[in-house]
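User: I would like to learn how to read strand pairing and a buried charge. Please show me the structure and start with the strands.

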Amino acid sequence: VDVIAPGAAIAGASAVSDSATTVMTSSSVAIGFVAGAAAQLRALYPHTTPAQVKHILTCMATTGAVREARPHGEVHSRTDYALLYAGAPMVDATYAACENPSSAPAARSKRVPTAGEETITLTFQTDGYTDELSWSIITSGTVLTGGAFPSVQSVSLSKGTTFKLQVFDIYGDGSANGFAIRVGAEQALEVPAGSTSWDYESPVYTLTADAQLYRIYHPSPPPSPAFINGVAAQCFPPELESPPPTPPSP
């Protein structure tokens with residue numbers, strides 16, 4: 001057995017009515033948990049193969065969490081079984097790559113950007129089905145991923161880092177969604193809903209974590225012209241050392 005999932009006394013929907021519930025115990029119930037975790041992974045990492053999904057689920061499963069009752073009442077911990085884990089850290093590519101021990105990791109607190117970093121903010125305008133969307137930010141040594149809920153998210157990258165952004169839609173109507181990217185306080189990319197024709201995968205956008213590159217400069221307007229005898233000073237020919245005298249009053 002690769003992974004154990006809850007399957008005893010599980011409350012679920014019943015076919016009796018639209019609101020009826022029932023309590024079931026079976027391996028079929030446990031399969032639903034595993035299938036749901038696999039679906040989450042595919043939404044977060046659309047390019048993963050079934051074999052990779054299996055590897056991630058077995059790698060992130062918690063060993064030693066399944067206990068077995070013995071005939072004389074003692075409880076034995078089965079270290080050879082691993083309990084399915086499908087918590088929030090699945091969105092962290094480092095955990096999903098199984099670079100950490102195979103135990104359920106604790107959710108990590110949000111990191112505050114340092115002086116040498118830029119905050120990359122992603123804002124999504126979806127067609128109402130946020131669970132269809134996912135995104136990835138790829139640098140030379142890091143892959144960051146997430147979904148479209150909440151609609152505003154942010155990550156931190158070292159200043160000057162070039163990164164590639166791509167958005168995915170598992171339903172295949174990606175162009176119905178819009179998104180925008182800010183680097184620091186500057187707007188770096190805006191893709192309005194319906195402005196492109198992508199379905200499952202958006203184009204790959206290459207950006208740089210440097211707000212200075214996306215800053216729009218607004219030059220100061222020229223100063224108001226100085227008036228001499230009611231005429232703008234710059235209107236006098238340069239060969240005139242002084243403006244003409246004031247015309248006599250009628």
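Analyst: Start with one bridge: Ile 120 has Val 183 of strand E12 as its bridge partner. Strands here are DSSP runs of at least two residues, and helices (H or I) of at least four, numbered from the N terminus. This is a predicted model: local features need pLDDT of at least 70, side-chain atom pairs count only at pLDDT 80 or more, and totals for chains, interfaces and linings use all residues. Residues are numbered from 1 along each chain as its sequence is written, and side-chain values use heavy atoms, with hydrogens and water left out.

User: How many bridges join E7 to E12?

Analyst: Two strands pair if DSSP finds at least two bridges between them. E7 and E12 (residues 178-183) run antiparallel and are joined by six. E7 (residues 117-125) also pairs with E10 (residues 152-158), antiparallel, over seven bridges. There, Leu 122 is matched with Gln 153.

User: Which side chain of opposite charge is nearest to Glu 118?

Analyst: Count Lys and Arg as positive, Asp and Glu as negative; His and the chain ends are not counted. A salt bridge needs a side-chain nitrogen of Lys or Arg within 4 Å of a carboxyl oxygen of Asp or Glu. Glu 118 lies in strand E7. Its nearest opposite charge is Lys 159, 4.3 Å away, and Glu 118 has no salt bridge. Yet Glu 118 is buried, meaning under 20% relative accessible area (1.4 Å probe, protein chains only).

User: What lies 3.0 Å from a polar atom of the Glu 118 side chain?

Analyst: The backbone nitrogen of Ala 211.

Notes: Buried means under 20% relative accessible area, exposed over 50%, partly exposed in between (1.4 Å probe, protein chains only). A polar contact is a pair of N or O atoms within 3.5 Å; within protein, one must be able to donate a hydrogen and the other to accept it, and residues adjacent in sequence count only if both atoms are side-chain atoms.
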